[in-house]
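This report describes one protein chain, with attention to its charged pairs, its surface and the confidence of the model. The sequence and structure come next.

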Amino acid sequence: MARSKLGGYRFGRARVREAAGSLLRQAPAVLRLFGRLMTDPRVSIVDRGLVAAVIAYVVSPWDLIPDFLSIIGVVDDLFLIGVALDRLLMRAPAEAVEEHWEGDPEGLETLTAELTAIGEALPNG
């Protein structure tokens, strides 16, 4: 039983690495998309405010889990950024997302699939 969990964990880590690599390759288009969504009045002010608050938290010197505590200190920042951006993307009107996306349609599908893959790698309950 433990062996299958370990195997699933390895698969999960490999999938997250693959998803992160895909997101990095699309970074310029992704950054423009999120930047434009942050200024689009059709996007909920609550969602835009959440992203702004997370960014402020990440760049502030105060941290819930200090970054010097190995990889765990960075994980909380990445988790919060991922959750806030995923929420912004999923709750924004589809027409706003499509209007602001500069890449090809497959790239947008890949972006949402990769964000989902990263989110699924998080432990449940």
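Glu 102 is partly exposed, with 45% relative accessible area. In this predicted model, the side chain of Glu 102 forms a salt bridge with Arg 36, and the closest N and O atoms are 2.7 Å apart. The two residues come from distant parts of the chain: Glu 102 sits in the loop between α5 and α6, Arg 36 in helix α2 (residues 27-39), and 66 residues separate them. Arg 36 is also partly exposed, at 31% relative accessibility. Arg 32 joins Arg 36 and Glu 102 in one network, through salt bridges that share partners.

**Salt bridges**

The structure holds six salt bridges in total. Side chains of opposite charge can pair when their charged atoms come close. Three of the pairs are set out below, with the distance between N and O atoms and the separation along the chain.

| Pair | N to O distance | Separation in sequence |
|---|---|---|
| Glu 102 and Arg 36 | 2.7 Å | 66 residues |
| Arg 42 and Glu 99 | 3.0 Å | 57 residues |
| Arg 87 and Asp 47 | 2.4 Å | 40 residues |

Arg 42 and Glu 99 form a salt bridge with the closest N and O atoms 3.0 Å apart. Arg 42 lies in the loop between α2 and α3 and Glu 99 in helix α5, so this pair ties together parts that are 57 residues apart in sequence. Arg 42 is partly exposed, with a relative accessible area of 37%, while Glu 99 has 52% and counts as exposed.

Arg 87 and Asp 47 meet through their side chains in a salt bridge of 2.4 Å, N to O. This pair links helix α4, where Arg 87 is placed, to helix α3, where Asp 47 is placed. Is Asp 47 buried or exposed? Asp 47 counts as buried because its relative accessibility is 1%, under the 20% limit. Its partner Arg 87 is partly exposed, at 30%. Beyond four places in sequence, Asp 47 touches Arg 87, Leu 88 and Arg 91. Helix α3 itself covers residues 45-59.

**Asp 40 in the loop between α2 and α3**

Asp 40 is found in the loop between α2 and α3, where Arg 42 also lies. The side chains of Asp 40 and Arg 42 are joined by a polar contact of 2.7 Å. Asp 40 counts as buried, at 6% relative accessibility, whereas Arg 42 is partly exposed. Which residues does Asp 40 contact beyond four places in sequence? They are Arg 48, Ala 96 and His 100.

**Fold and surface**

The chain has six helices and zero strands. From the N terminus on, the order of elements is therefore α-α-α-α-α-α. Of its 125 residues, 27% count as buried. Among contacts between residues at least 6 apart in sequence, 65% join residues at least 24 apart.

The accessible surface of the chain is about 8,500 Å², and carbon and sulfur atoms account for 66% of that area. Val 75, Phe 79, Leu 80 and Val 83 make a nonpolar surface patch of about 300 Å². Val 75, one of these residues, belongs to helix α4 (residues 72-91) and is partly exposed, with 42% relative accessible area.

Val 83, also in the patch, has its C-alpha atom 9.2 Å from that of Leu 115, although the two residues are 32 places apart along the chain. Leu 115 belongs to helix α6 (residues 105-120) and counts as buried, with a relative accessibility of 15%.

**Confidence**

The mean pLDDT of the chain is 77, and 68% of the residues score at least 70. Which elements have the lowest and the highest mean pLDDT? Helix α1 (residues 2-25) has the lowest, at 56, and helix α5 (residues 94-100) has the highest, at 93. Over residues 1-11, pLDDT stays under 50, and the model has zero contacts for this stretch beyond four places in sequence. Where pLDDT is low, the predicted coordinates should not be read in detail.

Conventions. Residues are numbered from 1 along each chain as its sequence is written. This is a predicted model: local features need pLDDT of at least 70, side-chain atom pairs count only at pLDDT 80 or more; totals for chains, interfaces and linings use all residues. Side-chain values use heavy atoms; hydrogens and water are left out. Helices (H or I, at least four residues) and strands (E, at least two) are DSSP runs, numbered from the N terminus. Buried means under 20% relative accessible area, exposed over 50%, partly exposed in between (1.4 Å probe, protein chains only). Contact means heavy atoms within 4.5 Å. Accessible areas come from the Shrake-Rupley method with a 1.4 Å probe; for residues, only the protein chains shown count as cover. Patches are made of residues with over 30% relative accessible area and no salt bridge: like charges are joined within 9 Å, nonpolar side chains (Val, Leu, Ile, Met, Phe, Trp, Tyr) within 5 Å. A salt bridge is a side-chain nitrogen of Lys or Arg within 4 Å of a carboxyl oxygen of Asp or Glu. pLDDT is the predictor's confidence in each residue, from 0 to 100. A polar contact is a pair of N or O atoms within 3.5 Å; within protein, one must be able to donate a hydrogen and the other to accept it, and residues adjacent in sequence count only if both atoms are side-chain atoms.
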